Amino acid sequence: MLAGKRILLIIGGGIAAFKSLDLIRRLRERGAVVTPVLTGAAEEFVTPLSTSALAGQKVFRDLFDLTDEAEMGHIELSRAADLVVVAPATADLMAKMAHGHANDLASTLFMATDKRVLIAPAMNVRMWEHAATQRNLATLQGDGILCVGPNEGDMACGEYGPGRMSEPLEIVAAVEAALRDGPLKGKHIIVTSGPTHEPIDPVRYIANRSSGAQGTALALALLALGAEVSFVTGPADVAPPAGAKVVPVQTAREMQEAVAAALPADAAVFAAAVADWRVVSESTSKIKKDGSGALPVLEFAENPDILAGVSQLKTERPMLVVGFAAETDDVLAHATAKRTRKGCDWIVANDVSPDTGIMGGTENAVTVITEDGADVWPRMGKDQVAQKLAAKIAETLA
Ligand code: C5P
């Protein structure tokens, strides 16, 4: 699976570095060529000798190592790989990467590479949960950096929680996924997902029950077929898909801007449950009960229809535009009319009446409406709907 693939493995300075030695073995067993780089701190945990012995290669350590520069400059080193893997990615390395520092070999390689980067974070649970680390993670994922783990469990420092580096075989699986060639390789697909939150005042908002599960499953299925995915998501219940370029937004208008910024794309799938209206009377301070019994009156304005806007673009219209239609009655008729009204190519319609348990659930029953008519799919898991839809998209874009 990894035969001949070149992995530049940056090992950061954490106790999990010992697992990276096993990772080298596992990658090489599958035919990968592993070029290891040790940060200064990593050398406190594993030695250059054991690392190079396992890699069967020279270990790169110092930005200003003149021999290395003569043989292979750091720019070339960063580009000669098919994938850059950072394992363990410590809090410090993640911070440097998120802020564009380039003051040692590891951070410079990250800045100079034109290849995909996969990080396997490992750190103390408090450090992982710290707002700064979570901010840095969001920045990195927004930049399209892939992330595997961390896992939850006992930690070397005696605490318990998320922060353990993924096991070597889990990292290998993520490496394989990142390097997978699929029918959508080279295709850029935008996926919107989740609900939007429309503020009433600084503490209140209008939202809906979308969990983001279907959009996330679809993004994962598209990634698995090799697509590059821009994932524009409102505040969802489920974690965003690893491997996508994640753009978190709150409101419909922010979603519209993020979609516009993500264009051009080969396809765009609008799985988000966008609020139809926003509160124009949004208050900048918390609306208070004043004791008089007077009730607040909210004034609404219609939100931009992102799907219709993209479907009707003159230039930059993706070749394939797919909308979703969540209906509670007369699903087929409404969805068919919606396809024409919005100008999209397909509508994926589903019945979200409360008794179906679809909204927020794990299953979905959809009908795909195209110019050829309606195709009724049996009820199945949202993952399966996603895979079937991704396969249909791949067939259409081929
Ligand atoms: O009109 P309705 O909301 O039922 O249409 C649903 C489809 O339109 C979904 O694909 C949804 O993502 C998209 N949509 C949108 N922008 C809106 C409203 C809906 O992109 N403002």
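## Helix packing and salt bridges in a predicted model

The structure holds 18 salt bridges. The model is a predicted one, and this report treats selected salt bridges together with the packing of helices 1 and 5 and the setting of threonine 90.

**Salt bridges**

Three of the pairs are listed below with the separation of their closest nitrogen and oxygen atoms.

| Pair | Closest N and O atoms |
|---|---|
| Arginine 25 and aspartate 22 | 3.0 Å |
| Glutamate 29 and arginine 25 | 3.8 Å |
| Arginine 204 and aspartate 201 | 2.5 Å, N to O |

Arginine 25 takes part in two of these pairs, with aspartate 22 and with glutamate 29. Aspartate 22 and arginine 25 both belong to helix 1 and stand 3 residues apart, about one turn of the helix. Glutamate 29 and arginine 25 are separated by about one helical turn because they are 4 residues apart in helix 1. Arginine 25 has a relative accessibility of 39% and therefore counts as partly exposed. Aspartate 22, with a relative accessible area of 22%, is also partly exposed, since the buried class is reserved for values under 20%.

These residues belong to a wider network of salt bridges that links Asp22, Arg25, Arg26, Glu29, Arg30 and Glu176.

In the pair formed by arginine 204 and aspartate 201, the two partners fall into separate accessibility classes. Arginine 204 is partly exposed, at a relative accessible area of 36%, whereas aspartate 201 is buried, at 2%.

**Packing of helix 1**

Two packed helices are described by the angle between their axes and the distance between the axes. For helix 1 (residues 17-29) and helix 9 (residues 168-179), the axes come within 9 Å and cross at roughly 50°. Helix 1 is therefore oblique to helix 9. The crossing of helix 1 past helix 9 is right-handed. On the side of helix 1, the contact involves Lys19, Asp22, Leu23, Arg26 and Leu27, while helix 9 contributes Pro168, Leu169, Ile171, Val172 and Val175. Sorted by class, this contact of helix 1 with helix 9 comprises 7 nonpolar and 3 charged residues, with no polar ones. Asp22 and Arg26 of this contact are also members of the salt-bridge network.

The axes of helix 1 and helix 2 (residues 48-55) likewise come within 9 Å, and they cross at roughly 10°. Helix 1 and helix 2 are therefore roughly parallel to each other, because the angle lies under 35 degrees. Here helix 1 presents Leu21, Ile24, Arg25 and Arg28, and helix 2 presents Ser50, Thr51, Ala53, Leu54 and Ala55. The contact of helix 1 with helix 2 has 5 nonpolar, 2 polar and 2 charged residues. Arg25, part of the contact with helix 2, is the residue that pairs with aspartate 22 and glutamate 29.

**Helix 5 and the loop before it**

Threonine 90 is located in the loop between strand 3 and helix 5. This threonine 90 is buried, its relative accessible area being 11%. Apart from neighbours within four places in sequence, threonine 90 is in contact with Gly12, Gly13, Gly14, Ala122 and Met123.

Within helix 5 (residues 91-99), the buried residues are Ala91, Leu93, Met94, Lys96, Met97 and Ala98. The buried residues of helix 5 pack against two strands and three helices, namely strand 3 (83-89), strand 4 (116-121), helix 6 (105-112), helix 7 (125-129) and helix 8 (131-142). Glycine 100 follows helix 5 and has a positive phi, near 75°.

How values were computed. Residues are numbered from 1 along each chain as its sequence is written. This is a predicted model: local features need pLDDT of at least 70, side-chain atom pairs count only at pLDDT 80 or more; totals for chains, interfaces and linings use all residues. Side-chain values use heavy atoms; hydrogens and water are left out. Axes are lines fitted to C-alpha atoms, for helices over the stretch in contact, and angles run from 0 to 180 degrees between N-to-C directions. Angles under 35 degrees count as roughly parallel, over 145 as roughly antiparallel, 65 to 115 as roughly perpendicular and the rest as oblique. A crossing is left-handed if the near helix is turned anticlockwise from the far one by less than a right angle, and right-handed if clockwise. Contact means heavy atoms within 4.5 Å. Ala, Val, Leu, Ile, Met, Phe, Trp, Tyr, Cys and Pro count as nonpolar, Asp, Glu, Lys and Arg as charged, and the others, Gly among them, as polar. Buried means under 20% relative accessible area, exposed over 50%, partly exposed in between (1.4 Å probe, protein chains only). A salt bridge is a side-chain nitrogen of Lys or Arg within 4 Å of a carboxyl oxygen of Asp or Glu.
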